[in-house]
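Biologist: Please take a close look at the salt bridges in this model. I would like partners, distances and burial, with the cut-offs spelled out.

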Amino acid sequence: MSYPGKEFDEITQQLVFPSDYKNPRAKKRYHLAVVGAGPAGLITAISAAGLGAKVALIESRSMGGDCLNVGCIPSKSLLEYTKAQNRSFDGAFAWLREVRSNISIHDSVERYSAAGVDVFLGSARFNADGGLEVSDQSLEARRIAICVGSTSFIPPIKGLSSCGALSNETVFDLKEQPDSISILGAGPIGCELATVFARLGTQVHLFDIAGHALPNEISEAGQVIEDSLSKLGVQLHLGQEIREVSGGVNGKKVIVDSMEVETDALLVALGRQANTGPLNLEGVGVSTGKQGSIIVDHRLRTTNQKIFAAGDCTLGSHFTHEADMQARVLVQNTLFFPSASTSKFVVPHCTYTSPEVASIGLSLDELDQRMINFDTYQVEYADLDRVRAGGKMEGFARVLTKKGKDTILSATIVGEDAGEQIALISVLMNNGMGLSKAGNAIFSYPTRSEFLRKLADSFNKTRLTPTVGGILKRWLKWTE
């Protein structure tokens, strides 16, 4: 069957999971065996091999993991493509497949084999001796890193598991545009894909039991996104429990507290579960927690001292850039003395809606639980001259600092390029610099990054206490 971008899918498949590939003969023993070739596994494997280690990399589905194949790359390609008006479904999905194929060379079997990594395609499982079985071979390694990622979580909603719902693993395989779609979950994936389909002209219904979109962000950020989605024509059903789902190839029905909604397609975006089931982790003493996620410490060690884990299969937040950071910790701790730690890093994240929502640091709930008092500094995007020039006025930048100090606890930015702007806060926080330090920098005018100078100015004004003000007045009077 022909479909938009089919030729690019064929290129991608041959690069990330070639049909004619033959696994190498396993070495007697590896320094490191990596299970899973997503971002965490790929960076760990190629970095370790670059240091001279003997490395085995095992992948059961596609090199590149979710990020390349069914996550960051396809979703952001669609979001970028659909920013312009009069974009078609065929053009959008052909574009995502072209972008994915162009990037897939970086994650290809050929590249990693050329870098000295023994790449094994197939499912891995721990045997009774603690070694790894893949295809018809047994791999022995000094250390093992599990980086198997996660898959879409299907909660126990009546009828959901049997109604043929789409997930992020299948939605990018669509060959034809649905006239209407229901999306369960108003988190980042749900809001981003609601944006895409609404821009393409599909009627979108977005559901979540939470009272506002992006429930893990501050409510003000969620409200901005709700307004944006509503302007695109998205029908929001928030604060309502999903009671039942039914349907088949001819349509889907979603039943919530107050109504029934029928659409052509249904997409589930209600969280993730780790791909740890087939590994036989219990047989090697590796403890897991919620939805199969592996429990690790700040050095990424599991409850088996020989086995480490990183990426989406572990408890915690799940971001490609976080997996990148964790991979660097893995290389140090699996090959050498385990001294590297993830605890010193503060990880930002972004939802690429329009406008974008980016955050870093402790949530309000976490601050409350730890009984940390804070001061709030905020700049409205509309107060920035560059924003006024562009005409997209919605949004704000908010920074929370420790009470009476400039130590940054967290930040939220809502607006155009928020994902780029949060990098400025990340640099400060990850280098132990307070908000006042931003006042020492010079920002190009007019740019959106001026929000940080304005926030620093607001903090510095608080240092002008009545005592300091009195001294300055006396000095000026004396020098008059």
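Modeller: Here are the salt bridges, followed by the cavity that shares a residue with their network.

This is a predicted model, so local features need pLDDT of at least 70, side-chain atom pairs count only at pLDDT 80 or more, and totals for chains, interfaces and linings use all residues. Residues are numbered from 1 along each chain as its sequence is written, and side-chain values use heavy atoms, with hydrogens and water left out.

A search of the whole structure finds 19 salt bridges. The criterion is a side-chain nitrogen of Lys or Arg within 4 Å of a carboxyl oxygen of Asp or Glu. Helices (H or I, at least four residues) and strands (E, at least two) are DSSP runs, numbered from the N terminus. For burial, buried means under 20% relative accessible area, exposed over 50%, and partly exposed in between (1.4 Å probe, protein chains only).

Start with D9 and R100. Their side chains meet at 3.0 Å, N to O. D9 sits in helix 1 (residues 6-16) and R100 in helix 5 (residues 89-104), so this pair links distant parts of the chain, 91 residues apart. D9 is buried because its relative accessible area is 17%. R100 is buried as well, at 6%.

Next comes D118 with K27, at 2.9 Å, N to O. D118 belongs to strand 3 (residues 118-121), while K27 is in the loop between helix 1 and strand 1 (30-35), so the pair ties together parts that are 91 residues apart in sequence. D118 is buried, at 11% relative accessible area. K27 is partly exposed, at 36%.

R453 and D457 make a local pair. Their closest N and O atoms are 3.2 Å apart. Both residues lie in helix 13 (residues 450-462), 4 residues apart, about one turn of the helix. R453 counts as partly exposed because its relative accessibility is 26%. D457 is partly exposed too, at 30%.

Then there is a network. Salt bridges link R61, D66, E169 and R272. R272 also helps to line the largest cavity, along with residues including S152, N168 and I189. A cavity here is a set of points, on a 1 Å grid over the protein atoms alone, where a 1.4 Å probe fits but cannot get out; lining residues have an atom within 4 Å of a point. The cavity's volume is about 40 Å³, taken as the space filled by probe spheres set on the points, with grid points joined across faces, edges and corners.

Note on methods:
On a 1 Å grid over the protein atoms alone, a cavity is a set of points where a 1.4 Å probe fits but cannot get out, and a pocket is an open set with protein on both sides within 12 Å along at least five of seven lines; lining residues have an atom within 4 Å of a point.
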